[in-house]
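Work through the exercises below with the structure open. Each task is followed by a solution in steps.

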Amino acid sequence: MCIIAISPKGKPQPSYETMKEMFLNNPHGSGYMFVNDDGNVEIHKGFMSFDDFYRSVKAEKFTEDDVVVYHFRISTQAGVNPQMCHPFPLSSNPTHMKKLDLVCSVGIAHNGIIPITSNKNKEFSDTALFITEYMSKMIKCRADLNDERLLRRIEGLIQSKMAILEKDGTVTLIGKFITEDDGNIYSNTSYKPKDFTYYDVNLFDRTTWHYPKNYKAACK
């Protein structure tokens, strides 16, 4: 499924605990992007352990003045590897999708499965293929990211969610996101600890291990 997390300007970065939860729930690699001091979108990705990811993020010394987009992956195509971690640059060049550290004008993180590019490709994920084969042709200038009709068209094609970061710090969201009380934004609830419910073993018939008749009522 993956998760995208956005820390907008003026809001705190997600806590260590929240970042770790996102990594544990989406453990196939991570990355992040932000606007650097030169006015470009800077991407670092391919962190396959939480310690490596957090060490890099901590070294950035992000503050509330920074707009940062984080991504934690669950692989659906092209396997588990650093190159297919997000974010990706907006580019028609497939080799750009594999770069782990780069600067660009527009960066993209995706959450979900894109039907039209989910083709069991072993080299490129559905997101990487959609960016190079579709988005790079649809978005030609910054004004395109303000075109509501175009954004709705992209949403219809991907049937999922995206966060698009421009070099001026603008983040365009496609799909429904969750805004938390602290102002941080998430593409789904996998930033929260899993809520495990424990049931009394005496509810079960130890001989046959059948559910008791009142099981549904007992397990609210």
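**Exercise 1: a helix pair**

In this predicted model, the axes of helix α4 (residues 126–138) and helix α5 (residues 148–158) come within 11 Å and cross at roughly 165°. Classify the relative direction of α4 and α5, give the handedness of their crossing, and list the residues in contact.

Solution.
1. Angles over 145 degrees count as roughly antiparallel. The axes cross at roughly 165°, so α4 and α5 are roughly antiparallel to each other.
2. The crossing of α4 and α5 is right-handed.
3. From α4, Phe 130, Met 135 and Met 138 meet Leu 150, Arg 153, Ile 154, Leu 157 and Ile 158 of α5.
4. Sorted by class, the contact of α4 with α5 holds seven nonpolar residues, no polar ones and one charged residue.

**Exercise 2: aromatic pairs**

Rings pair if their centres lie within 6.5 Å. State how many aromatic pairs there are, then classify the pair Phe 23 and Phe 50 and the pair Phe 53 and Phe 72.

Solution.
1. The count is 17 aromatic pairs.
2. The ring centres of Phe 23 and Phe 50 are 5.9 Å apart with planes at 65°, so this pair is edge-to-face. The pair links distant parts of the chain, 27 residues apart: Phe 23 lies in helix α1 (residues 16–25) and Phe 50 in helix α2 (residues 50–60). Both Phe 23 and Phe 50 are buried.
3. Phe 53 and Phe 72 are also edge-to-face, at 5.1 Å centre to centre and 70° between the planes. Phe 53 in helix α2 and Phe 72 in strand β4 (residues 68–72) are 19 residues apart. Phe 53 and Phe 72 are buried.
4. Ring pairs join these four residues into a cluster that also includes Tyr 16, Tyr 32 and Phe 34.

Note on methods: Residues are numbered from 1 along each chain as its sequence is written. This is a predicted model: local features need pLDDT of at least 70, side-chain atom pairs count only at pLDDT 80 or more; totals for chains, interfaces and linings use all residues. Side-chain values use heavy atoms; hydrogens and water are left out. Rings of Phe, Tyr and Trp (its six-membered ring) pair if their centres lie within 6.5 Å; planes under 30 degrees apart count as stacked, over 60 as edge-to-face and the rest as tilted. Helices (H or I, at least four residues) and strands (E, at least two) are DSSP runs, numbered from the N terminus. Buried means under 20% relative accessible area, exposed over 50%, partly exposed in between (1.4 Å probe, protein chains only). Axes are lines fitted to C-alpha atoms, for helices over the stretch in contact, and angles run from 0 to 180 degrees between N-to-C directions. Angles under 35 degrees count as roughly parallel, over 145 as roughly antiparallel, 65 to 115 as roughly perpendicular and the rest as oblique. A crossing is left-handed if the near helix is turned anticlockwise from the far one by less than a right angle, and right-handed if clockwise. Contact means heavy atoms within 4.5 Å. Ala, Val, Leu, Ile, Met, Phe, Trp, Tyr, Cys and Pro count as nonpolar, Asp, Glu, Lys and Arg as charged, and the others, Gly among them, as polar.
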